[in-house]
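Dear colleague,

I am handing over the structure we spoke about, and my notes on it follow below. Please read them with the structure open beside you.

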Amino acid sequence: MAEYRMSIPQREKNILFAKSGNRCAFHNCEMPVIADEGDESKPLAEMAHMIAYADDGPRADPALPKEEKNKASNLILLCPTHHSLVDKFECQYNIHVLREMKLQHERKFSQSPHSSKPPKLVTESLHASILPLSHLPFAVFAAETDYTKANIRSLFDVLNNQTGRRTLYAFELRDKKLYTFHDLRQAGNPFRGTYDQPTVEMLRSTELWDSPDEHRLYVALLNRTLRGFLSIKGVAYDDRHYRYFFLPGEKELKRKFTYRSLSGRRTTKSVVNNPVTRATGQPKSYWVHLAANLSFHQIASRQWVLTIRPERYLTRDGSRPYFHSSIGRTVTRIKSTMYNWQYLQEIQLWREFMTGAKPRQILNFGKQSIVIENNLLKAGIQWLGIPDDQKDFVFQEHPEDLFTSSEIDILDEDEDAFYGELFLEEDEE
């Protein structure tokens, strides 16, 4: 370690110390880095490399020449405590974070106390991990039934025999009643023969949303729909941790998904993979499945959204759950390397997967539908920004084509007609 200190030119040291104002540059530290007289003039300063001098050091970049690594522009003045911290947690304190920290610290000493010139701000878009829902079922239908959760498998057998396994049932069994988005008044609905027809009642969705218990019932039906839809696409639900995860491929355990990245480029990512140990090249004892918490939320009186939170799910062999004392540390270590851009990339993957790379995904129940729009909610912000961290996010929305445009037009017409029927029936009552 002494070799790199000896090779730092005195000129670069002078620049670094002068710009740092005799203070540790770590955020809110402000510790003097040269001891006062009487403390044996012991220097407390440590010149930390933002890009490591050694090729195997923290935040290493072998492509950068060593003479560039010892320039003041690559050094940050820290106290011993924070030097140790930033090197120990190099993922959290990456090169972009350290450069911004140094810039903000040195700015305090470089500006004249009489200067009133404001810092230059950049305008960027802040994207939320939220997909809006443009259509929701207007009504929930209920009827008395002999089926309960104890014999629910028998109900599924009847449904699958009548309609096939790819139908979205979206139902709940509570208090000897069947609740669903399907219109139980219609003779051709998937549940025909499983409930008492004279007991059918229609519940207005907006009224359900106002009651906490009935609001939870409505959310449960939304979740049932999503689980059924994703199950068809090879995604399972982990009810212990409330997250969806990719299942292995049909022909082999490893599975990949190809999609358009944030920059618009065609990208392939492993969604089920058995990682290997770098040192030996041997497979590890667990498989990593790309996962996400997908949740429905009502954010206004008539506005619902679907939130996406990327996660990980571990198995022993691609199917059996992996239970081990280290599982928490393993998942945390994986997620700790997901910075804003990587996090947004995984949200991009999930929205492309769920919508089939179309402007929207329509989940249909006859004349009612759930429509998930394929565009992230965003807002414009002005801030100082992070140097060298500007990213292209050009692939935000899918353009409409003749098919998708006519598809939503037909949906709107059907729902308008159905909504009109609801009002007419209520007036007649």
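Is R312 buried or exposed? R312 is buried, because its relative accessible area is 7%, where buried means under 20%, exposed means over 50% and partly exposed lies in between, with a 1.4 Å probe and protein chains only.

Before going further, please note that this is a predicted model, in which local features need pLDDT of at least 70 and side-chain atom pairs count only at pLDDT 80 or more, while totals for chains, interfaces and linings use all residues. Residues are numbered from 1 along each chain as its sequence is written, and side-chain values use heavy atoms, with hydrogens and water left out.

Salt bridges

A salt bridge is counted when a side-chain nitrogen of Lys or Arg is within 4 Å of a carboxyl oxygen of Asp or Glu, and by this rule there are 15 salt bridges. One of them joins the side chains of E346 and R312, at 2.5 Å from N to O. This pair links distant parts of the chain, with E346 in helix α10 (residues 340-355) and R312 in strand β14 (residues 303-315), 34 residues apart; helices (H or I, at least four residues) and strands (E, at least two) are DSSP runs, numbered from the N terminus. E346 also counts as buried, at 4% relative accessibility.

Another salt bridge, between E106 and K102, has its closest N and O atoms 3.3 Å apart; both residues lie in helix α5 (residues 95-110), four residues apart, or about one turn of the helix, and both are buried. In the salt bridge of R216 with D213, the closest N and O atoms are 2.2 Å apart. These two residues are three residues apart in helix α8 (residues 212-232), so about one helical turn separates R216 and D213. R216 counts as partly exposed at 49% relative accessibility, whereas D213 counts as exposed at 51%. In addition, E172, R174 and R224 are linked in a network of salt bridges.

Backbone angles

Two residues that are not glycines have a positive phi of about 60 degrees, namely N22 and R59. N22 lies in the loop between α2 (10-20) and β1 (46-49) and is partly exposed, with a relative accessible area of 29%, whereas R59 lies in the loop between β1 and α3 (66-69) and is buried, with a relative accessible area of 10%.

With best regards
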